[in-house]
Amino acid sequence: MKFSASSIILLAATIASSSHAFAPSISSPSSLHQKSVSTSTSLSSSDSSSSSFAENAITIASSISSLAGQTVVVKYGGNAMTTPELATLFCQDVATLQKLGLRIVVVHGGGPMINAMLEKVGVESRFEGGMRVSTEEVVDVAAMVLSGTVNKNISSGISQAGGRALGLSGRDDALLQCEKLWGGSEDDKIDLGNVGQVKVVNTDLINQLLDAGISPVIAPIGMGCKGQEDESVVYNINADVAAGRIAGELKAARVLFLTDIAGVLDKEMTLLKSLSCDDIDDLIGDETITGGMIPKVTYATDAVKLGVQGAFITDGRVPHALLNEILAGGEIGLGSGEGGTVVTL
């Protein structure tokens with residue numbers, strides 16, 4: 001089931017109001033009235049009956065009932081971040097879900113912004129096996145971009161949409177403690193520089209913020225593990241890896257990886273809406289899943305094996321992708337069925 005974006009927001013706002021929560025502050029009264037009118041038109045044309053509106057309301061209410069008070073981790077990147085309109089809608093989605101009682105953690109990337117700054121300051125970088133080789137100079141630029149402008153734009157955007165958010169990096173209060181990550185194989189290692197593999201997550205800090213109604217917005221820049229020789233080293237962390245590990249340590253109800261793809265496709269290029277970890281192993285084995293999709297599904301399966309109830313590889317190019325996948329799944333929570341692939345045990 002896939003809802004129109006306007007119907008999701010209207011129904012979610014109505015449900016939030018009726019449950020004595022704050023209604024999402026994402027539109028002015030006049031624009032909300034206009035949105036309500038357009039929603040009615042959309043529903044009458046696409047759903048063709050008021051009963052469909054009621055069914056949508058029941059589905060959203062079921063989703064909220066099953067997820068209220070639960071933690072959802074979102075890896076935010078790609079077009080959803082770099083397209084201004086989609087970035088605004090993402091911040092609205094986070095604010096709306098907050099006010100419906102969900103605990104939202106955002107972990108963001110920012111590759112295009114890093115590339116632009118590296119070029120501007122004349123620092124060269126390269127990739128090995130899909131990972132950026134991170135010299136100290138590259139990490140300095142990545143930390144400046146991710147922990148600075150990118151991070152604060154997201155946290156302030158959520159606040160402007162009526163939510164509460166606080167921007168952090170993995171170095172703040174030892175949030176993300178890392179070991180050096182090597183590329184390649186055990187027999188043929190590749191030195192990736194200061195690329196970190198998350199070993200410790202300060203879940204106390206995250207939960208304290210969530211308990212206060214604040215969404216942590218986390219830049220994937222970490223530090224060495226406390227007490228180790230590299231404790232003072234600044235590490236660049238793959239945002240997908242960080243999101244999956246954070247979700248696993250929090251035992252989150254959901255983790256969503258917003259991407260620039262439709263989801264996992266079969267050999268006929270048809271969307272595979274739901275997969276188990278065993279299914280994914282089989283699809284990698286028969287080369288249905290290849291290339292750059294392998295690390296994406298690996299992050300998802302790793303999160304599920306760490307205790308996350310469901311991992312979503314979600315098409316972030318779709319407006320309100322986050323809201324749609326969280327609220328359109330009903331009590332069973334398998335998403336809209338059209339916005340990507342959900343991975344479970």
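**Strand partners in a predicted model**

Let's start with a single pair of residues: C178 has G224 as its bridge partner in β9. Keep in mind that this is a predicted model. The pair belongs to a parallel match between β6 and strand β9, residues 221-224, which are joined by 2 bridges.

Strand β6 has another partner to look at. Running from residue 176 to residue 184, β6 is tied by 8 bridges to strand β7, residues 189-201, and here the two strands run antiparallel. If you want a spot to click on, try E179, whose bridge partner in β7 is Q197. To get from β6 to β7, follow the hairpin, which takes 4 residues to join them.

Now move back along the chain to strand β2, residues 103-108. How many of its residues are buried? For β2, that's 6 of 6, so to speak a mostly covered strand by the under 20% relative accessible area cut-off. In a regular strand, side chains alternate between the two faces of the sheet. With β2, one side carries R103, V105 and V107, the other carries I104, V106 and H108, and every one of them is buried, leaving both faces covered.

Which strands does β2 pair with? One of them is strand β1, residues 71-76, which runs parallel to β2 and is joined to it by 6 bridges. Within that pairing, T71 finds its bridge partner in R103 of β2. Strand β8, residues 215-219, also runs parallel to β2, with 2 bridges between them. There, V106 has V217 of β8 as its bridge partner, and V106 is one of the buried residues of β2.

Technical notes. Residues numbered from 1 in each chain as written. Predicted model: local features only at pLDDT ≥ 70, side-chain atom pairs only at ≥ 80, totals over all residues. Heavy atoms only, no water. Pairing = 2+ DSSP bridges. Buried < 20%, exposed > 50% of the residue type's maximum accessible area, 1.4 Å probe, protein only.
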